[in-house]
Amino acid sequence: HLLEGLALLGSLPGEVLDLVSGLGEQWSARLLVGVLAHGDRPAAFVDAHLGRQIPGPPTKESVVTLLNGGKRPTFSKYGTTEWRNAVVLWVNIGGGDYNNVFLDGPDGGLDLTWFASPRHHEGTPLVHRLLSAAPSDTVLLFCRLLEPGSSSKYEPYVCCGRLQYASHDGRRQPIKFVWRLRDAAALRKTDGFKVVLAAAKRGR
């Protein structure tokens with residue numbers, strides 16, 4: 001049963017509990033141990049969609065539905081999206097609240113600054129998970145651009161691949177992370193990501 005399954009999974013972050021709130025066993029199991037629970041599936045998803053816009057409306061729901069095998073799940077649309085063994089980070093590029101910066105990393109790599117929610121600190125479950133991610137725990141990045149001439153309408157999300165932890169500054173509020181784009185070499189060759197990179201803030 002659902003409660004027994006949660007007990008076996010251990011103490012889950014609040015964001016995950018939000019995902020299963022109000023769901024039946026079938027949807028809950030799908031979100032927690034479904035598509036992204038198998039080690040080869042995130043890599044296969046990235047291979048199929050890297051540098052491409054996700055079909056459908058420019059919303060998290062379009063991405064999560066595709067990650068969920070085409071079935072529309074119920075999930076929290078606010079903040080970072082956690083799965084059983086994966087975390088999805090969302091970045092809006094452009095607008096007054098946009099502070100993320102792409103950095104030229106070592107050996108031709110590419111890094112990204114990312115800021116956790118102000119309510120998070122080094123002791124909260126999500127940050128602890130990101131700082132101590134196991135090799136089987138995949139962190140995925142999706143970015144979307146403001147539509148040309150608009151201050152509020154966005155284009156569809158672009159799959160920017162997998163992330164690897166580089167550093168963080170826990171003294172800042174909100175906490176600042178630097179993530180290394182694991183698929184940077186292949187990303188740079190895609191038209192979709194070239195547009196994202198051209199519109200994004202750059203730094204060293």
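I'll start with the aromatic rings: there are eight aromatic pairs in this structure. One of them is made by Phe177 and Trp179, and this pair is stacked, with 5.4 Å from centre to centre and 10° between the planes. Those two values are given because a pair of aromatic rings is described by the distance of the centres and the angle of the planes. Both Phe177 and Trp179 are buried. There is also an aromatic cluster, formed by Phe45, Trp90, Phe142 and Tyr157. Please remember the cluster, as some of these names come back. I should also say now that this is a predicted model.

Next, the overall picture. The protein has 204 residues, and 46% of them count as buried. Its secondary structure consists of eight helices and eight strands. If we take the contacts between residues at least 6 apart in sequence, 61% of them join residues at least 24 apart. The accessible surface is about 10500 Å², and carbon and sulfur atoms account for 51% of that.

Now the sheet. In what order do the eight strands of the open sheet lie? The order is S1-S2-S5-S6-S7-S4-S3-S8, and the pairing is mixed. At the edges are S1 and S8, where S8 covers 201-203, and each of these pairs on one side only.

Let me walk in from the S1 edge. Strand S1, residues 81-82, runs antiparallel to S2 and is joined to it by two bridges. Within that pairing, Glu82 has Val87 in S2 as its bridge partner. The connection from S1 to S2 is a hairpin through three residues.

On to the next pairing, S2 with S5. Strand S5 is residues 138-145; it runs parallel to S2, and eight bridges join the two. One example is Val91, whose bridge partner in S5 is Cys143. S5 is also joined to S6, residues 158-169, by four bridges, and this time the strands run antiparallel. Here Leu140 has Arg162 in S6 as its bridge partner.

Is strand S2 largely enclosed or largely open? S2 spans residues 86-93, and seven of its eight residues are buried, so the strand is largely enclosed by the rest of the structure.

That leads to the core. The largest nonpolar core has 45 residues, and the members that touch the most others are Phe102, Phe142, Leu181 and Phe193. S2 supplies the largest share of this core, with seven residues. Phe142, as you may recall, is also in the aromatic cluster.

Phe193 takes us to helix H8. In H8, residues 191-199, the residues Phe193, Val196 and Leu197 are buried. Looking down the helix axis, the buried residues fall within an arc of 95°, so they line one face of H8. Asp191 and Ala198 are on the other side of H8, and they are exposed.

Another helix to look at is H5. Three of its residues are worth going through, and I'll start with Val63, which is located in H5. Is Val63 buried or exposed? Its relative accessibility is 1%, so Val63 counts as buried. Setting aside residues up to four places away in sequence, Val63 touches Ile54, Trp90, Phe142 and Tyr157. Trp90, Phe142 and Tyr157 are among the members of the aromatic cluster. Val63 is also ten residues from Gln53 in sequence, and their C-alpha atoms are 9.6 Å apart in space.

Ser62 is in H5 too. At 13% relative accessibility, Ser62 counts as buried, because the cut-off is under 20%. Apart from neighbours within four places in sequence, Ser62 is in contact with Ile54, Pro55, Gly56 and Pro57.

Then Thr65, in the same helix, H5, which is residues 60-67. Thr65 has 16% relative accessibility, so this residue counts as buried as well. With neighbours within four places left out, its contacts are Gly70, Lys71, Arg72 and Pro73.

One last item concerns the backbone. Most residues other than glycine have a negative phi, and most peptide bonds are trans. Which form does the peptide bond from Gln173 to Pro174 take? That bond is cis, with omega near 5°. Pro174 sits in the loop between S6 and S7, the latter being 176-181.

That is the end of my part.

Conventions
Residues are numbered from 1 along each chain as its sequence is written. This is a predicted model: local features need pLDDT of at least 70, side-chain atom pairs count only at pLDDT 80 or more; totals for chains, interfaces and linings use all residues. Side-chain values use heavy atoms; hydrogens and water are left out. Buried means under 20% relative accessible area, exposed over 50%, partly exposed in between (1.4 Å probe, protein chains only). Two strands pair if DSSP finds at least two bridges between them. A nonpolar core is a set of buried Ala, Val, Leu, Ile, Met, Phe, Trp, Tyr and Cys residues joined through side-chain atoms within 4.5 Å. The arc is that of the directions from the helix axis to the C-beta atoms. Contact means heavy atoms within 4.5 Å. Accessible areas come from the Shrake-Rupley method with a 1.4 Å probe; for residues, only the protein chains shown count as cover. Rings of Phe, Tyr and Trp (its six-membered ring) pair if their centres lie within 6.5 Å; planes under 30 degrees apart count as stacked, over 60 as edge-to-face and the rest as tilted.
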